[in-house]
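Please walk me through this structure in the viewer, one selection at a time, and tell me what there is to see at each stop.

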Amino acid sequence: MVIKKHFFIKLLGFFLLFFFLTSIARGMDLTSTSFIVRDPIVGTGGGYGSSASFQLISAGNTTLSGVASSASFSTHYGFLYYPNPNPPSITFDIDTYNTSTTTTTTVAPYSVSLGTLSPAAVTGTTEGGGGTPNGIWFSLDANGAGGAIVTVVSSGGALKSTSVPGDTIPSATAAMSAGTANYGICANRNATTTGVLNKVSPFASTCGTTPSSNSVGAVTTSAQTIYNTGGAAVTGGRGEIMVDAAISNTTPAHTDYGDTLTFIATSTF
Amino acid sequence: MIKKFRESAFSSFVSSITIISLVMIMSGIWQVANAASLTSITDTMTSQTQNTFSKHTIKFTSTSAIASSGTIVLAFPAGYTTTGLVIGDLSICHGTSTGLEVGAGAACTSNTETIAATNGANTVWGATITGTTTITFTAPTTWAAPVSAGFKVTVIINDNSHFKNPNSVTTLNTTITTTSDSGSFTVPIADSTLVGVTANVTQTISFDLDTSIAGGTSGAPYSVALGTLTSGAVNHSDASTINMIVINGGTNAPGGISVTVQNANGANGLASTSTPADKIASATATMAAGTANYGICVDSSGSLTGFTAQGTYATATPCTTASSTNHVVGLTTTPAAIVATTAPVSGALAKVFVNAAIVASQPAHTDYSDTLTFLATGTF
């Protein structure tokens with residue numbers, strides 16, 4: 001009787017073990033010089049059927065399955081595969097205009113013409129628009145789990161004369177002041193549908209309706225973050241960037257001061 | 001008895017099978033297949049404008065380890081133009097913190113690995129470019145510094161002239177597949193993400209003269225009355241009774257401002273209006289009582305601001321309000337540069353002293369005079 005009891009316990013244990021063993025898939029890549037089948041398992045059954053009004057994807061008793069790909073194809077063997085319903089996405093667009101609206105769209109080339117500068121006043125973008133220099137706007141949507149950033153790079157790190165590159169209106173992080181040569185940008189209005197759009201130092205200081213009241217951040221030839229989404233996805237992001245410049249009595253006279261600002265949007269997926 | 005033996009034998013068989021199976025599982029002979037997602041994937045570009053070249057700095061965190069001869073495959077989508085892309089355009093770095101600690105390429109903090117067509121021992125990555133857009137890295141064999149789980153990896157496409165954005169507004173998704181993990185990232189391509197900023201600065205120049213005892217401001221007409229000359233003294237701008245001439249200037253001319261002076265009588269200097277032949281000549285010389293001469297000099301006592309004395313005026317020293325032996329410059333009817341700047345200047349100032357002396361036999365007249373004309377020119 002005891003022997004029988006022991007026997008059935010062992011037999012039970014064996015079948016339990018066998019059950020779990022057969023549940024473990026064994027993965028081994030199948031490779032050749034032109035493709036790799038990763039973690040394949042073999043199965044039977046499955047298929048695809050369709051008509052004008054339906055599609056049916058079916059799978060049978062899959063004991064083998066896997067993903068195979070090459071430079072020209074990819075396939076998913078032996079199991080039901082659904083594309084990522086929320087694939088990585090990011091859209092980014094620039095606009096430049098000088099009206100008071102916040103959602104105007106424009107097309108390239110994008111420009112900000114500061115016009116004739118004077119030591120008597122700071123020249124720059126204002127919220128009211130109406131003939132003042134263009135402001136810079138961007139639209140941003142990104143679903144990266146790590147959020148997104150918008151960076152800015154200046155081609156010269158200053159407003160440089162094309163004819164005499166040594167003559168510049170320098171760029172420094174500072175409060176704008178008439179008669180003190182300076183050129184820079186600041187982050188102003190921002191909005192989102194979902195998520196947040198944060199201004200980032202040194203562009204996050206006083207920035208609003210009056211150029212002479214703005215504190216700008218210096219533009220440099222290295223990328224600097226001007227806005228971020230706080231490490232999370234964003235939809236309907238809309239951000240404004242204002243441009244200011246001032247000169248002194250001794251800023252060399254030229255008609256060809258210029259700079260090119262390059263904006264880049266990067267999301268972390 | 002036989003029955004008991006059979007039961008015992010079967011029981012032993014089951015026990016044996018169970019034990020053997022346990023051992024096989026624990027030894028890892030049957031392994032569970034596993035794949036994970038790469039995380040924190042970014043591609044930092046240098047241009048997102050359509051139809052332009054861009055550098056790509058692609059970073060990701062490897063969830064699983066990448067061992068010797070492990071692979072990292074970047075499959076860029078169609079649309080990029082990669083004419084001329086070679087493995088020499090690539091860098092790959094990896095590490096626990098920044099993903100740049102060690103690797104192959106200038107961007108790596110420790111650039112001790114290399115990239116070749118085929119991977120090799122210790123530090124040699126293999127890299128291949130298949131089709132136009134698939135880049136495969138193969139880790140070194142017997143890798144000295146393999147990527148552990150959780151390490152960061154950075155792949156850089158360095159060259160800005162071999163990887164061109166599509167010529168359309170779009171979004172591009174690139175997949176990354178390592179030996180064990182996979183992931184993807186997306187970048188936007190816009191009509192342009194460049195903003196051109198322009199400005200201009202109008203030319204300005206300011207120039208003003210003053211004649212005063214101490215160098216203060218005055219209005220026209222400007223004059224210097226040297227008074228009654230005697231052979232026993234030199235009359236000169238003296239900050240007490242005889243005016244000096246003050247030149248004020250400013251400009252944003254990139255080449256600065258230049259001031260010239262000329263006189264009406266040239267070398268004849270101070271000439272009598274009633275008897276023009278009677279004159280106190282003007283010559284470059286050191287003034288001396290009893291020696292006839294008339295000329296001007298630029299103050300050398302430190303009042304010169306912004307300006308630099310030019311030509312002979314730069315060496316005509318001393319020149320002070322207290323000296324009767326100033327070294328003066330002879331005047332001419334053609335403009336001669338007296339002071340100048342070579343760059344934009346604001347508030348430039350120069351004091352000019354007028355000097356005259358006579359001999360005992362100087363013809364007596366009450367109308368010796370000359371007219372000095374100063375002109376300012378900006379170099380734009």
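Strands, as the word is used on this tour, are DSSP runs of E at least two residues long, numbered from the N terminus. The model is a predicted one, and every value given along the way should be read with that in mind.

**First stop: a buried leucine in chain B**

Select Leu172(B), which is found in strand E11 of chain B, the run that covers residues 170-178. With the cut-off for buried set at under 20% relative accessible area, Leu172(B) counts as buried because its relative accessibility is 5%. Now show its surroundings: leaving aside residues up to four places away in sequence, Leu172(B) touches Pro77(B), Ala78(B), Tyr80(B), Pro166(B), Phe185(B), Thr186(B), Val187(B) and Ile189(B). Add Ser184(B) to the selection and draw a line between the C-alpha atoms, which for Leu172(B) and Ser184(B) are 10 Å apart in space, with the two positions twelve residues apart in sequence numbering.

**Second stop: the whole of chain B**

Zoom out until chain B fills the window and colour by secondary structure, which shows two helices and 27 strands. The radius of gyration of chain B is 45 Å, well over the 21 Å that the globule rule gives for 380 residues, and the chain is therefore more spread out than a compact globule. Turned along its principal axes, the C-alpha trace of chain B spans about 165 × 40 × 35 Å. Colouring by accessibility would mark 43% of the 380 residues in chain B as buried, while the accessible surface of the chain comes to about 16,300 Å², with 58% of that area belonging to carbon and sulfur atoms. Of the contacts in chain B between residues at least 6 apart in sequence, 71% join residues at least 24 apart. If the charged side chains are selected next, chain B offers 9 positive and 15 negative ones, and the centres of these two sets lie 36 Å apart.

**Third stop: backbone details in chain B**

Three places in the loops of chain B deserve a look at the backbone. Select Asn51(B), in the loop between strand E2 (39-45) and strand E3 (56-61); Asn51(B) has a positive phi of about 60 degrees although it is not a glycine, and at 37% relative accessibility it counts as partly exposed. Move on to Asn122(B), which lies in the loop between strand E7 (114-116) and strand E8 (124-130) of chain B. Asn122(B), again not a glycine, has a positive phi of about 65 degrees, and with a relative accessible area of 41% it is partly exposed. Then select Ala220(B) together with Pro221(B), where the peptide bond is cis, with omega near 0 degrees; Pro221(B) is found in the loop between strand E14 (205-212) and strand E15 (235-236) of chain B.

**Fourth stop: chain A**

Switch to chain A, which has one helix and 20 strands. Buried residues make up 37% of its 269 residues, and its accessible surface comes to about 13,100 Å², of which 59% belongs to carbon and sulfur atoms. Select Ser201(A) and Pro202(A) to find a cis peptide bond with omega near 10 degrees; the place of Pro202(A) is in the loop between strand E16 (198-199) and strand E17 (215-216) of chain A.

**Last stop: aromatic rings**

How many aromatic pairs does the structure hold over all chains? There are eight of them. Begin with Tyr97(A) and Trp137(A), whose ring centres are 6.1 Å apart and whose planes stand at 5 degrees, so the pair is stacked. This pair links distant parts of the chain, since Tyr97(A) is in strand E7 (residues 90-97) and Trp137(A) in strand E10 (residues 135-142), 40 residues apart. Tyr97(A) counts as buried at 6% relative accessibility, and Trp137(A) counts as buried at 3%.

Next select Phe138(A) and Tyr227(A), where the ring centres are 5.0 Å apart and the planes stand at 70 degrees, so the pair is edge-to-face. Here too distant parts of the chain are linked, with Phe138(A) in strand E10 and Tyr227(A) in strand E18 (residues 224-228), 89 residues apart. Phe138(A) counts as buried at 1% relative accessibility, and Tyr227(A) counts as buried at 0%. Finally, add Phe92(A) to the selection, for ring pairs link Phe92(A), Phe138(A) and Tyr227(A) into a cluster.

Key. Residues are numbered from 1 along each chain as its sequence is written. Chains are lettered from A and ligands numbered from 1 in the order in which they are written. This is a predicted model: local features need pLDDT of at least 70, side-chain atom pairs count only at pLDDT 80 or more; totals for chains, interfaces and linings use all residues. Side-chain values use heavy atoms; hydrogens and water are left out. Rings of Phe, Tyr and Trp (its six-membered ring) pair if their centres lie within 6.5 Å; planes under 30 degrees apart count as stacked, over 60 as edge-to-face and the rest as tilted. Helices (H or I, at least four residues) and strands (E, at least two) are DSSP runs, numbered from the N terminus. Buried means under 20% relative accessible area, exposed over 50%, partly exposed in between (1.4 Å probe, protein chains only). The radius of gyration is taken over C-alpha atoms; the globule rule is 2.2 Å times the number of residues to the power 0.38. Contact means heavy atoms within 4.5 Å. Accessible areas come from the Shrake-Rupley method with a 1.4 Å probe; for residues, only the protein chains shown count as cover. Lys and Arg count as positive and Asp and Glu as negative; His and the chain ends are not counted. The place of a charge is taken as NZ of Lys, CZ of Arg, CG of Asp or CD of Glu.
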